[in-house]
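Hello,

Here is the structure we talked about, with the sequence alongside. My notes on it follow below.

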Amino acid sequence: IKLTAQFTAASGRQFLAGLAQREQRNPQFDFLKPTHVLFSYFTALVDAYTKVLAPSRDLRAELDKCRETEHCVRRVALRWDYSRRTEEARRREQAERDAERVAF
C-alpha cells in the first residue's frame, strides 16, 4: 500500500487509474477500490506523500527562511523559551501537589 501510494504521489492520478484498471482482478490491489476498508488509508498516504514531494509555496518559503542563520537562531531561542516555561510550570504544579499532600 505504501509503495503504491508513493508511486501514485510521484506519477499522478493517471498512474492510479491505469493501475486500478490493470489490477482490478488482483486481490492484493483491492485497496484501490473506493469501497475497500483501506482505501481511506491509501488516499491519506497519497496526500501525505504528495505534500512531501511537491511542498506548497508557504512551506517552501519557510524552508528557505530556515537557511538563514539568524532565523534559525531566533526559532531555537523561541523553542528553548517555550520549553523552559512549560518545565517551570510543570515543576510548580508538582510542588503544589506535594505541598498539598504534606498538608494532609
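Leu-16 sits in helix α2, which covers residues 13-22. The model is a predicted one, and what follows should be read as a description of that prediction. Leu-16 has a relative accessibility of 13% and so counts as buried, the cut-off for buried being under 20% relative accessible area. Setting aside neighbours within four places in sequence, Leu-16 is in contact with Thr-8, Leu-32 and Phe-42. I also have a C-alpha separation for Leu-16 and Gln-6: the two are 10 residues apart along the chain and 11 Å apart in space.

Thr-8 brings in the first helix pair. In the meeting of α1 with α2, α1 supplies Thr-4, Phe-7, Thr-8 and Ser-11, while α2 supplies Arg-13, Phe-15, Leu-16 and Leu-19. By class, the residues of this contact are four nonpolar, three polar and one charged. The axes of α1 and α2 cross at roughly 135 degrees and come within 6 Å. That angle makes α1 oblique to α2, because an angle has to be over 145 degrees to count as roughly antiparallel.

Thr-4 belongs to helix α1. Is Thr-4 buried or exposed? Its relative accessible area is 12%, so Thr-4 is buried. Leaving out neighbours within four places in sequence, the contacts of Thr-4 are Phe-15, Leu-19, Phe-29, Phe-31, Leu-32 and Phe-42.

Two residues in the loop between α2 and α3 are worth a note. Phe-31 is placed in that loop and is buried, with a relative accessible area of 6%. Outside its neighbours within four places in sequence, Phe-31 touches Ile-1, Thr-4, His-36, Leu-38, Phe-39 and Phe-42. Phe-31 and Ala-77 are 46 residues apart along the chain, and their C-alpha atoms are separated by 45 Å. Pro-27 also lies in the loop between α2 and α3, but Pro-27 is exposed, at 60% relative accessible area. From the C-alpha atom of Pro-27 to that of Thr-8 the separation is 19 Å, with their positions 19 residues apart along the chain.

Phe-42 appears among the contacts of Leu-16, of Thr-4 and of Phe-31. Phe-42 is also one of the α3 residues that meet α1.

That leads to the second helix pair. Helix α1 (residues 2-11) packs against helix α3 (residues 39-53) at an angle of about 50 degrees, and their axes are 8 Å apart. With that angle, α1 is oblique to α3. The crossing of α1 past α3 is right-handed. On the α1 side the residues are Lys-2, Thr-4, Ala-5, Gln-6, Thr-8, Ala-9 and Ala-10; on the α3 side they are Tyr-41, Phe-42, Leu-45, Val-46, Tyr-49, Thr-50 and Leu-53. Sorted by class, this contact has nine nonpolar, four polar and one charged residues. Thr-4 and Thr-8 are among the α1 residues here, and both are also listed where α1 meets α2.

Now the chain as a whole. What does its secondary structure come to? There are five helices and zero strands, in the order α-α-α-α-α along the sequence. The radius of gyration of the chain is 24 Å, whereas a compact globule of 104 residues would have one near 13 Å. Taken along the principal axes, the C-alpha atoms fill a box of roughly 70 × 45 × 15 Å. Of the 104 residues in the chain, 12% are buried; Leu-16, Thr-4 and Phe-31 are among the buried ones. Among contacts with a separation of 6 or more, 54% are between residues 24 or more positions apart.

Regards

Notes. Residues are numbered from 1 along each chain as its sequence is written. This is a predicted model: local features need pLDDT of at least 70, side-chain atom pairs count only at pLDDT 80 or more; totals for chains, interfaces and linings use all residues. Side-chain values use heavy atoms; hydrogens and water are left out. Axes are lines fitted to C-alpha atoms, for helices over the stretch in contact, and angles run from 0 to 180 degrees between N-to-C directions. Helices (H or I, at least four residues) and strands (E, at least two) are DSSP runs, numbered from the N terminus. Angles under 35 degrees count as roughly parallel, over 145 as roughly antiparallel, 65 to 115 as roughly perpendicular and the rest as oblique. A crossing is left-handed if the near helix is turned anticlockwise from the far one by less than a right angle, and right-handed if clockwise. Contact means heavy atoms within 4.5 Å. Ala, Val, Leu, Ile, Met, Phe, Trp, Tyr, Cys and Pro count as nonpolar, Asp, Glu, Lys and Arg as charged, and the others, Gly among them, as polar. The radius of gyration is taken over C-alpha atoms; the globule rule is 2.2 Å times the number of residues to the power 0.38. Buried means under 20% relative accessible area, exposed over 50%, partly exposed in between (1.4 Å probe, protein chains only).
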